[in-house]
Amino acid sequence: QVQLAESGGGLVQPGGSLRLSCAASGSISNRDAMGWYRQGPGKQRELVATVGDGGISNYADSVKGRFTISRDNAKNTVYLQMSSLKSDDTAVYLCNLRKFTGWGPFDYWGRGAQVTVSS
């Protein structure tokens, strides 16, 4: 089993910065992919950024150049540094860990961290 705990959400003004953290516990492997998704008001859940084995990262076009994902395998923690925040970034940010099993990928989710961008 895997547990994910997000922290670092809050209220920030447009143009500001915020860093989210997600600590994973349980059966974790460096081969697991970790990442962030978000769900804004009235919107579907969407991928924000992921980082896989070897540190290969992937970003949604809407956050490229503004957000940076990083991973500390020693701490089983993934971070999302968000800069130049816009009101459209307002959402619940969900931490994800994906295991690749012989039966296919399996996802674990955190409870989410609220990020509100408003003046």
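Good morning. The structure holds six salt bridges, and I shall begin with several of them before turning to the disulfide and the strands. Please bear in mind throughout that this is a predicted model.

As a reminder of the principle, side chains of opposite charge can pair when their charged atoms come close. One such pair here is aspartate 32 with lysine 99, whose side chains meet in a salt bridge at 2.8 Å, N to O. This pair links distant parts of the chain: aspartate 32 sits in the loop between S3 and strand S4 (33-39), lysine 99 belongs to strand S9, and their positions lie 67 residues apart in sequence. Are these two residues buried or exposed? Aspartate 32 has a relative accessibility of 4% and therefore counts as buried. Lysine 99, at 15%, counts as buried because the cut-off is under 20%.

A second salt bridge joins the side chains of arginine 38 and aspartate 89, at 2.9 Å, N to O. Arginine 38 lies in strand S4 and aspartate 89 in the loop between S8 and S9, so this contact ties together parts of the chain that are 51 residues apart in sequence. Arginine 38 is buried, with 6% relative accessibility, and aspartate 89 is buried as well, with 1%.

The third pair I would mention is aspartate 107 with arginine 98, where the side chains meet in a salt bridge at 2.7 Å, N to O. Aspartate 107 is partly exposed, with a relative accessible area of 26%. Arginine 98 also counts as partly exposed, at 28% relative accessibility. Salt bridges that share partners also form a network, whose members are Arg38, Glu46, Arg66 and Asp89. Arginine 38 and aspartate 89, the pair I described a moment ago, thus both belong to that network.

Let me now turn to the covalent link. How many disulfides does a search of the whole structure find? The search finds one. Cysteine 22 and cysteine 95 form this disulfide, with their sulfur atoms 2.0 Å apart. The two cysteines are 73 residues apart, and the bond links distant parts of the chain: cysteine 22 is in strand S3 (residues 18-26), and cysteine 95 is in strand S9 (residues 91-101). The link is left-handed, with -85° about the S-S bond. As to its surroundings, cysteine 22 is buried, with a relative accessible area of 0%, and cysteine 95 is likewise buried, at 0%.

Strand S3, which carries cysteine 22, leads us to the sheet. An open sheet of four strands has the order S1-S3-S8-S7, and the pairing is antiparallel. Which strands form the edges? Strand S1 (2-7) and strand S7 (67-72) do, each pairing on one side only. On average, neighbouring strands of this sheet are turned by 15° against each other, direction ignored. Within the sheet, six bridges join S3 to strand S8 (residues 77-82), and these two run antiparallel. One example is serine 21, whose bridge partner in S8 is tyrosine 79.

Leucine 20 also lies in strand S3. With a relative accessibility of 0%, leucine 20 counts as buried. Leaving aside neighbours within four places in sequence, the residues in contact with leucine 20 include Trp36, Val78, Leu80, Met82, Tyr93, Ala113 and Val115. Leucine 20 and threonine 77 are 57 residues apart in sequence, and their C-alpha atoms are 10 Å apart in space.

Two of those contacts of leucine 20, Ala113 and Val115, bring us to strand S11 (residues 113-117). In a regular strand the side chains alternate between the two faces of the sheet. In S11, Ala113, Val115 and Val117 make up the covered face, while Gln114 and Thr116 make up the uncovered one. How does S11 pair with strand S2 (residues 10-12), in the parallel or the antiparallel sense? S2 and S11 pair in the parallel sense, over three bridges, and glycine 10 stands opposite valine 115. S11 also pairs with S9, in the antiparallel sense and over three bridges. Here tyrosine 93 has alanine 113 as its bridge partner in S11.

To close, I would return to strand S9. This strand holds cysteine 95 of the disulfide and lysine 99 of the salt bridge to aspartate 32, and S9 pairs with S11. Thank you for your attention.

Technical notes: Residues numbered from 1 in each chain as written. Predicted model: local features only at pLDDT ≥ 70, side-chain atom pairs only at ≥ 80, totals over all residues. Heavy atoms only, no water. Disulfide = S-S within 2.5 Å. Buried < 20%, exposed > 50% of the residue type's maximum accessible area, 1.4 Å probe, protein only. Pairing = 2+ DSSP bridges. Axes fitted to C-alpha atoms, helices over the stretch in contact; angles between N-to-C directions. Contact = heavy atoms within 4.5 Å. Salt bridge = Lys/Arg side-chain N within 4 Å of Asp/Glu carboxyl O.
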